[in-house]
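Hi,

Here is the structure I promised to pass on. Have a look at it first, and then read on for my notes.

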Amino acid sequence: MPSSRWTTWAWMLLLPGCAMGWPKQSSSATSDIRNCTTSPPFLPPTVTDTSSQLNALRQRMQFYNISAYIVPATDAHMSEYIAERDARLAWTSGFTGSAGTGVVTTKKAALWTDSRYWTQAERQMDCNWELQKIVWTDSIGEWLLQEIPSGENIGLDPFLFSIDLWNSYTRVLQGSSRTLVPIEDNLVDLVWGTQRPPSPTSKVYLLPETFTGSTWQEKVSGIRSQMEKHCRSPTAVMLSALEETAWLFNLRGDDISYNPVFYSYALLTTSDISLFVDRNRLSAEALQSLSAQCPGPLCVQVEEYDQVRASVQAYAQGNVRVWIGTEYTTYGLYGVIPQDKLVESSYSPVMTTKAVKNAKEQALLRAAHVRDAAAVIQYLLWLEKNVPKGSVDEFSGARYVDKLRREKEHCRGASFETISASGLNAALAHYSPSNVSSRKLSVDEMYLSDSGGQYLDGTTDITRTVHWGEPTPFQKEAYTRVLMGNIDLARLVFPSETSGRVVEAFARRALWEVGLNYGHGTGHGIGNFLSVHEWPVGFQSNNVPLVKGMFTSIEPGYYQEGEFGIRIEDVALVVEAQTKHGAGEKAYLTFEVVSLVPYDRNLIDISFLSEDQIQYLNTYYETIRQRVGPELQRRQLEEEYEWLRRNTQPFSRGTLVAASLGTLAISSLVSTLLPDRQA
């Protein structure tokens, strides 16, 4: 699934929208979006009336003497996916996309989001809001400079903005006589009041040792070793991202839908460990694990979640140096640590260590993908049977694939809201159906399914695009070129520690050759029963270099506005490549694809593929047979096993000739070319 945390904005600036294949508004899809130019305005039933929210918020703004208030779509841990109680932008604007920023002034309200969500925003926002389609922080700042008079204040919650983002706004407003004011009382929360969803109360539990790569004590010792080797010798590491504390202590929760994390912070020093979490929520096994070696340097002291700022501030008064990751640390926490006691990097050592899976973690993720492939194959066969009957719509399809996954061993549910999109809806990269707005699946349209599972041994994310009827030549070419990009990147050999952004163009090259492209990132990291979008791995400018042991998705696509969308997504492990010549001191790397579901043969035009690409496909299909075939047979899914055999038949140039000329034509051709051959 294309990540929402950071999109490859550079591609959006380099090329015009038509070349990008961005989903623009088409005449065939105007009945379900707002029209604020008519009198009265046309508002579809999916729109939220935000008048009362905005009026109440503006009253609070007046009390705090601010002329604008910035509302982000994140939480105090810079999470991409957030709990309902943190969905402040959605409550204020009606827009529920996972990427966006809202600004409310005394007279206007505006939303900034990227191209994946433009149509969704037009479907959900009323005419109190204007949609801005330039997503840089600078563009928000420039809009503020136009709307807010000199000498006035702009407010925000310092616990909802990273250090880097705070600095970006400060830079844009510098010298403008407009002041950025941190307000610790969140104004949306004050207005939301008792209607705001309560804090979670479910248990935080210990992940069984079978499903962990190392004990938490081993992980802590490894992080302390990195602290000792650091040139500035930090005395503590401050952890703010939810997946950091979950991974470090081998704990999981369910505070955020689809993400097995829990609200927490941690402060790891050279001699002490503090975990900031609601103690009453820790299971007996979790408490026992954390306190098993108390007292001592491997004893975890549990402190209340809301005491983190005071504790960090108190610790920072001593002769200490605190290591933080600026991408996930909020300005509110950053501000209590004196500048001379900060050790800054983009990501904490926990985040970067977590990104490189050890041998056990790799094996766990591989195993999860085998069971996940079985579920997806069951789904594709079910679609083949039922779509021609007209009995499947986008919503029922999404629910069914989720059901198939939940039946699999160790599955704890979906890893994100399933994207089930038919026809023109597939041109919206992050479209998800509902039970009130769901198109019927048809043999005459392309269908895109992007789904994943949370298993105790790993997180999965896979996209397949299919067509059950007669695709157009352009659809087949576009699909095949997307597949070529997937293959070219997956089989690439590159030096260790190469930046993902350096090799990302290989996924786009086949599309670029004919003037096509896509407007989202090419891939993202993935966790071991953690985040489906796990930073800092991927192919964007703010990702870390690729090294052996990382998992990333590879997901090129193409989106034809108002007609169809294509995406092919696999998860791949970075492995050492076997090269002809010795690699020397620096190893060369490549990818091993662990997603194990065949592509749609009906959409592949093999005439576009090189011999190397065909050979790669055949090798991949043989791997699918070897790994997934036994799993289907073990579960006595014989019909699915036969489907797998049919759809993993080797490709060859003969396949192309047969498909083009038919069996009878082949016989005639053979007789002509080989007249002495006996029939």
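The backbone oxygen of Glu361 sits 3.2 Å from a polar atom of the Asn528 side chain. This is a predicted model, by the way, so please read the distances as computed ones. Asn528 has a second backbone partner: the oxygen of Asp457, at 3.5 Å from a polar atom of its side chain.

Where does Asn528 sit? You'll find Asn528 in the loop that runs between strand 22 (524-525) and strand 23 (534-538). Is Asn528 buried or exposed? With a relative accessible area of 9%, Asn528 counts as buried, because the cut-off for that is under 20%. Leaving out residues up to four places away in sequence, Asn528 touches Arg252, Lys357, Glu361, Leu364, Leu365, Asp457, Gly458 and Thr459.

Now for the domains. The domain assignment splits the protein into domain 1 (50-195), domain 2 (205-354) and domain 3 (359-648). I spent my time on the pair formed by domain 2 and domain 3, whose C-alpha centres are 34 Å apart. Each side brings its own set to the contact: 21 residues from domain 2 and 21 residues from domain 3.

How much area do domain 2 and domain 3 bury between them? About 1,800 Å², with 58% of it on carbon and sulfur atoms. On the domain 2 side, Phe211, Tyr258 and Tyr347 provide 37% of the area buried against domain 3, more than any other three residues.

As for polar links, 8 residue pairs are in polar contact between domain 2 and domain 3 (both at pLDDT 80 or more). Helix 10 (242-248) and helix 14 (349-355) are the elements that give two or more residues to the side of domain 2 touching domain 3. Sorted by class, that side of domain 2 has 11 nonpolar, 5 polar and 5 charged residues. The rule also finds 1 salt bridge across this interface. In the model, the side chains of Glu534 and Lys354 meet in a salt bridge, at 3.4 Å from N to O.

One more residue to look at is Asp255, in the loop between strand 9 (251-252) and strand 10 (265-269). Asp255 has a relative accessible area of 8% and is buried. Its side chain makes a polar contact with the side chain of Arg281, at 2.4 Å. Beyond its neighbours within four places in sequence, Asp255 is in contact with Ala83, Pro200, Ser202, Val261, Phe262, Tyr263 and Arg281.

Cheers

Definitions and conventions. Residues are numbered from 1 along each chain as its sequence is written. This is a predicted model: local features need pLDDT of at least 70, side-chain atom pairs count only at pLDDT 80 or more; totals for chains, interfaces and linings use all residues. Side-chain values use heavy atoms; hydrogens and water are left out. Helices (H or I, at least four residues) and strands (E, at least two) are DSSP runs, numbered from the N terminus. Buried means under 20% relative accessible area, exposed over 50%, partly exposed in between (1.4 Å probe, protein chains only). A polar contact is a pair of N or O atoms within 3.5 Å; within protein, one must be able to donate a hydrogen and the other to accept it, and residues adjacent in sequence count only if both atoms are side-chain atoms. Contact means heavy atoms within 4.5 Å. Domain bounds come from an automatic or database domain assignment. Buried area is the accessible area (1.4 Å probe) that two parts lose on being put together, summed over both. A salt bridge is a side-chain nitrogen of Lys or Arg within 4 Å of a carboxyl oxygen of Asp or Glu. Ala, Val, Leu, Ile, Met, Phe, Trp, Tyr, Cys and Pro count as nonpolar, Asp, Glu, Lys and Arg as charged, and the others, Gly among them, as polar.
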